[in-house]
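Me: I am new to this structure and would like a close look at one part of it, the surroundings of the ligand. Please then go on to other places in the chain that help a newcomer find the way.

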Amino acid sequence: MLTKEEFQKLISQGIPDKLPKPAAHDENINHAPIRKEILTKDEKILALKNALRYFPKKFHQELAPEFKQELDKYGRIYMYRFRPNYDITARDISWFPHKTPQAAAIMLMISNNLDYAVAQHPHELITYGGNGAVFQNWAQYLIAMKYLSEMTEEQTLAMYSGHPMGLFPSHKDAPRVVVTNGMMIPNYSKPDDWEKFNALGVTQYGQMTAGSFMYIGPQGIVHGTTITVLNAGRKIAKNNEGIEGKLFVTSGLGGMSGAQPKAANIAGVVSICAEINPKAAYKRHEQGWVDEVIENVDQVIDTAIDWQNKKEAHSIAFLGNIVDLWEKLAERNIKVDMGSDQTSLHNPWAGGYYPTGLSYEDSNDMMAKNPDLFKEKVQDSLRRQVTAINKLTAAGMYFFDYGNAFLLESSRAGAEIMAENGIDFRYPSYVQDIMGPMCFDYGFGPFRWVCTSSDPDDLELTDNIAMNVLEEIAATAPVEISQQMKDNIKWISEAKANKLVVGSQARILYADAEGRIKIAKAFNDAIKEGKLKAPVVLGRDHHDVSGTDSPFRETSNIYDGSQFTADMAIQNVIGDSFRGATWVSIHNGGGVGWGEVINGGFGMVLDGSEDSERRLKNMLHWDVNNGISRRSWARNEGAVFAIKRAMEQNPQLKITVPEFADDKLLNELF
Ligand SMILES: NC(=O)c1ccc[n+]([C@@H]2O[C@H](COP(=O)([O-])OP(=O)(O)OC[C@H]3O[C@@H](n4cnc5c(N)ncnc54)[C@H](O)[C@@H]3O)[C@@H](O)[C@H]2O)c1
């Protein structure tokens, strides 16, 4: 075990003076899929040159052939040899060498995103979603940590897609880090552009909370998923019947999708979640996120029916392909109440979706060696999946897209997924039906915090503080948001018992602007009074009211045409940066795929000071109301209500509110 002093020395040194020993490939670790060969010979030379620029010339002789081998074998240069031997994990903040606690808190958050217990492919610096990277290679990690260890509150670190460009002079109210990930000239934003430019080492796919250091394990998504499953259940429940005993079928037990069985249990339904990768399925089972793993598809279905009859919540992982499960359910005419899919279809050709009929290993082999045939297999599989789903929806199932580009990729595969008008999809996205009108339009979104003491007692105290604040607000909340308030209070009161923590001592809690600001202020007071032992990091998923422009997901319930613009996300990150965020990030890609979305987020360190109080009030207000104003301008009625209410609460807020034109008047003109 390393002492604190030894650890700090290693962080502060950055790239070591002496070459570390070459690293053996550890087969016990879940590795990123081999990326397809995409570079020409000249481009490979360029990729090597790009990699070697991180190291003194004296190392080049030894590193050049090794990096070439990595590029040939894995399709990327990860610089495995430079992966540190110490445990990368959210240690208590005092472990990270620093001149400002803001930088130490960022180091803690980076470390959490790379923790073995948290990250999907830790050796390839991928946190979730198959390609959601924190850094492109280990040199970037070492240099970024060194910069953070020496930065003052008069400096800002510029991060270009994982590359630490350097420390620039700034000022104490400026963000300490500004992150951009995957920002491309728009015409160079196709999936193969990512393959090529990522292989060259000049850009990366940051997903949402991977490249922005805000991932908090699957908990981050459990709350949103619970809200979705619960409200999907309420939507289909007839005559006020409960949702107990209803069956929810879906797929994916990965970084985010792994939240589904837990959320389904919390919502109180029976769930089956197909997962093709045994490592992912058993990891979630060991962590207690899914109740049991079954390999036989008929046995899976029979077990689910038993639990439905008992009307008890239970979650089953089907170790196999989701297509085989859907086809069996259709063949046996099983009544499925709710259905969805959370394979990584934002990344369909490089390991996000495994076609039926091929083993996991054969798929991994084919996607690298014969990508064209692999693509055919994926598309064929998607068509079969949709055919089975269509049969079950015809028999009454409520199916929704879960923000993974399932509908989009199925349509591109030629599956029967379009509505009769040929423009819309046959099924809604969960944002169109649930998350948008019920949460985002009113400003409710995935607010979160991390206790940098890394002490569970601090987390418990913050849970209690947050619950008290919400109860106080709920007492006078208008009827339009009373269900949301009730659900959120229930969530936070049960959060500890639901054992959601994986990695850092973090909590997610859907809240609106008023809730976020009041909770943050109460935390800051508790730090000032010494009740909390160390600073608290605030943040949120990019998947929020204002953070993300994504026409088939976060902004899929925007119907004025502006769902294909990205002004909101860019406005948001710029606005956050000068209102007091400790770090900001803006990404191309995240959730639904490279080129399909622009999304941003922030981190804010509360240290109990007056500066923190000023910043939290100023920034959180903008961070939510920016999105509500845009949603209101798109004529979303909940958002019009919410922005008018926000203006009443703060006379400095003056928003342009839409007039509603009469459809009859317009239709008569044509
Ligand atoms: N709805 C949301 O709020 C939300 C949030 C986060 C992520 N997402 C999207 O959901 C998707 C999943 O995210 P993730 O982080 O869990 O990704 P992930 O890659 O970690 O997990 C996906 C899992 O699906 C499995 N899988 C792939 N094809 C399969 C098949 N045919 N049958 C069975 N299992 C299969 C993979 O083995 C993997 O474990 C992504 O596209 C992501 O962008 C949605």
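Reply: What follows starts at the ligand and then moves through single residues, two helices and two loops.

The model is a predicted one, and every value below is computed from it.

The ligand has 33 residues around it. Ser257, Glu275, His346, Tyr354 and Gly591 are the closest of them. Sorted by class, this shell holds 12 nonpolar, 19 polar and 2 charged residues. Three contacts with the backbone can be located one by one. At glycine 591, a backbone N or O atom is 2.7 Å from an oxygen atom of the ligand. At isoleucine 322, a backbone N or O atom is 3.0 Å from a nitrogen atom of the ligand. At glycine 129, a polar backbone atom is 3.4 Å from an oxygen atom of the ligand. The ligand exposes 840 Å² when taken alone, and the protein buries 97% of that area.

From the ligand, the next stop is asparagine 181. This residue sits in strand S5, which covers residues 177–181. Asparagine 181 counts as buried because its relative accessible area is 0%, and the cut-off for buried is under 20%. Its side chain reaches the backbone oxygen of glycine 211 at a distance of 3.2 Å. Apart from residues up to four places away in sequence, asparagine 181 touches Ser161, Gly162, Gln204, Gly206, Gly211, Ser212, Ile586, His587 and Asn588.

Strand S5 also appears in the packing of helix H5. H5 runs over residues 138–150, which makes 13 residues. From its first C-alpha to its last it reaches 19 Å, close to the 18 Å expected at 1.5 Å a residue. The helix is mostly covered, with 10 of its 13 residues buried. These are Trp138, Ala139, Gln140, Tyr141, Leu142, Ile143, Ala144, Met145, Leu148 and Ser149. The buried residues pack against helix H1 (4–13), helix H4 (101–114), strand S3 (155–160), strand S4 (163–169) and S5. At the N-terminal end, H5 is capped by asparagine 137, which has a side-chain oxygen 3.1 Å from the backbone nitrogen of alanine 139.

Helix H16 can be read in a similar way. It takes in residues 456–474, 19 residues in total. At 1.5 Å a residue the helix should span 27 Å, and the C-alpha atoms at its ends are 27 Å apart, so the two values agree. Its buried residues are Asp458, Leu459, Thr462, Asp463, Ile465, Ala466, Met467, Val469, Leu470 and Ile473. A general point helps in reading such a list: an α-helix has 3.6 residues a turn, so residues three or four places apart point the same way. The cover over the buried residues of H16 includes strand S12 (445–451), helix H17 (482–494), strand S13 (506–511) and helix H18 (513–528). At the start of H16, aspartate 455 brings a side-chain oxygen to within 2.8 Å of the backbone nitrogen of aspartate 457.

Another asparagine, asparagine 390, belongs to helix H13, residues 371–394. With a relative accessible area of 12%, asparagine 390 is buried. Its side chain makes a polar contact of 2.6 Å with the side chain of tyrosine 427. Residues up to four places away in sequence aside, asparagine 390 touches Glu416, Arg426 and Tyr427.

Glycine 539 is part of strand S14, residues 536–540. It is buried, and its relative accessible area is 0%. Leaving out neighbours within four places in sequence, glycine 539 is in contact with Met214, Pro446, Phe447, Arg448 and Phe602. Isoleucine 570 is 31 residues from glycine 539 along the chain, and the C-alpha atoms of the two are separated by 17 Å.

Two loop residues complete the tour. Lysine 311 is in the loop between helix H10 (297–310) and strand S9 (314–319). Its phi is positive, at about 55°, although lysine 311 is not a glycine. Lysine 311 is exposed, because its relative accessible area of 54% is over the 50% cut-off. Arginine 635 is in the loop between helix H20 (610–633) and helix H21 (637–649). Arginine 635 has a phi near 75°, a positive value in a residue other than glycine. With a relative accessible area of 41%, arginine 635 is partly exposed.

How values were computed: Residues numbered from 1 in each chain as written. Predicted model: local features only at pLDDT ≥ 70, side-chain atom pairs only at ≥ 80, totals over all residues. Heavy atoms only, no water. Near = heavy atom within 4 Å. Polar contact = N/O pair within 3.5 Å; in protein donor to acceptor, adjacent residues only side chain to side chain. Areas by Shrake-Rupley, 256 points an atom, 1.4 Å probe, with all protein chains shown as cover. Nonpolar A, V, L, I, M, F, W, Y, C, P; charged D, E, K, R; others polar. Helix = DSSP H or I, 4+ residues; strand = E, 2+ residues; numbered from the N terminus. Buried < 20%, exposed > 50% of the residue type's maximum accessible area, 1.4 Å probe, protein only. Contact = heavy atoms within 4.5 Å. Expected span 1.5 Å × (residues − 1).
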